[in-house]
Amino acid sequence: MSSAPSPPSRLPRRRAVWAGVALLVVSAVLAWWLRPAGESGPRGAVTFSTGVPSGVYQRYGELLREALGRELPGVRADLRDSEGSQQNLARLASGEADFTIATADAVATYVQEKRPGWKRLRGCTRLYDDYVQLVVPQESAVRSVRDLGGLRVGVGQDGSGVRLLADRLLSAAGLDPATGVRAVPAGIDKMPGLMEKGRLDAFFWSGGLPTNAILRLSERFPIRLVPLETDLLDTVHGGGGPNRYYRSAMIPPDAYARVPGREPVQTMAVANLLVTTDRMDAALTEAITRTVIGSRDRIGRVVHPAQLVDLRTAIYTDPLPLHEGARRYYRSVKP
């Protein structure tokens, strides 16, 4: 005698129901973030990792947050101070930040050393160039990087891009960064005050022109900018790898009106990049990239280097590939 057929299992049906619920949840989240531009635009919160409180990164971040408030009212931008480019990239890769600014050489170093999350980094925009500035008291005997041996030298905080370039320049000059100078790991928020108090003989900085902290120092304390020698620059450039992102440059004599000298000061420059990761939503990234380019003039009236943001060069985010959202923006404005 055959047994009665067993009732059909309800498990597949339950799975189908849960799959449908999950799909609805995902769709709702996406709809919340990606409302059409005609309605209210992207919504949510993003974190920007910036820089030291008195640095250009921080001020740029503050002004960009204001621009985002006007252009993308549904997006809240939170700013986090940082030591600089190296810490910014680490935060981005770990998910502690969504967007940041970093110098191209710091990005190349992060990628070359395959630090955690390096494959996830994506470029949005090439911004403005940072200029290396070696600052000494006006009466200092220091005339070159080689003269820094044994002196108290501000080299930037450990997590900064300044620290990277200071180590490279000292090494190129034949000075061990660890023992050849008395390295002081301070940022631009501290170094001018330390020099004014006689606790620093020199300091390195890399930033847009003019950097307000150096400008204010020059107005109350006599300083001088030390040129970087041609052979020193050749040695740095010859190092290859991340060093290829430096270029020879000149600091114009009118960058700091109180600093003596009517001739340009030879130095090197490196591009800043707006960076995110492949985790960031494409529509939101497109909108933020659009805001960065569109707010250039307004921000540039306060942060002068931002005036140099150029749509024609913004797309060149080497050594990082463009984020898909940024690519969409550049395609949309292509003539």
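This report describes the nonpolar cores, a group of paired strands and one loop residue of a predicted model.

**Nonpolar cores**

The largest nonpolar core has 68 residues, and those that touch the most other members are Val145, Leu148, Leu169, Phe203 and Phe204. Helix H5, covering residues 161-172, supplies the largest share of this core with 7 residues. A second core, separate from the one just described, is made of 33 residues, among them Leu72, Val75, Ala77 and Leu284.

Leu148 illustrates how the largest core is connected. When neighbours within four places in sequence are set aside, Leu148 is in contact with Leu134, Val142, Val153, Leu170, Leu175, Gly180, Val181, Ala202 and Phe204. Phe204 in turn belongs to the group of residues that touch the most other members of that core.

**Strand E1 and its partners**

Strand E1 spans residues 44-49, and 5 of its 6 residues are buried, so the strand is largely enclosed by the rest of the structure. E1 pairs in the parallel sense with strand E2, residues 75-80, and runs parallel to strand E3, residues 99-103, as well. The table sets out the two pairings.

| Strand paired with E1 | Number of bridges | Example of bridge partners |
|---|---|---|
| E2 (residues 75-80) | 6 bridges | Ala45 and Arg76 |
| E3 (residues 99-103) | 2 bridges | Ser49 and Thr100 |

E1 and E2 also take part in a right-handed β-α-β unit, in which the helix is H2, residues 56-71. H2 has 16 residues and extends 22 Å from its first C-alpha to its last, close to the 22 Å expected at 1.5 Å a residue. The buried residues of H2 are Val56, Tyr57, Gln58, Tyr60, Gly61, Leu63, Leu64, Ala67 and Leu68.

**Met280 in a loop**

Met280 lies in the loop between strand E10 (265-277) and helix H9 (282-294). Its relative accessible area is 13%, and a residue counts as buried when this value is under 20%; Met280 is therefore buried. Beyond its neighbours within four places in sequence, Met280 is in contact with Asp98, Phe99, Thr285 and His323. Of these contacts, Phe99 falls within the range given for strand E3, residues 99-103, while Thr285 falls within that of helix H9 (282-294). Met280 and Gly325 are 45 residues apart along the chain, and their C-alpha atoms are separated by 8.7 Å.

Definitions and conventions:
Residues are numbered from 1 along each chain as its sequence is written. This is a predicted model: local features need pLDDT of at least 70, side-chain atom pairs count only at pLDDT 80 or more; totals for chains, interfaces and linings use all residues. Side-chain values use heavy atoms; hydrogens and water are left out. A nonpolar core is a set of buried Ala, Val, Leu, Ile, Met, Phe, Trp, Tyr and Cys residues joined through side-chain atoms within 4.5 Å. Buried means under 20% relative accessible area, exposed over 50%, partly exposed in between (1.4 Å probe, protein chains only). Helices (H or I, at least four residues) and strands (E, at least two) are DSSP runs, numbered from the N terminus. Contact means heavy atoms within 4.5 Å. Two strands pair if DSSP finds at least two bridges between them. A crossover is right-handed if, with the strands pointing away from the viewer, the path from the first strand over the helix to the second runs clockwise. The expected span of a helix is 1.5 Å times one less than its number of residues.
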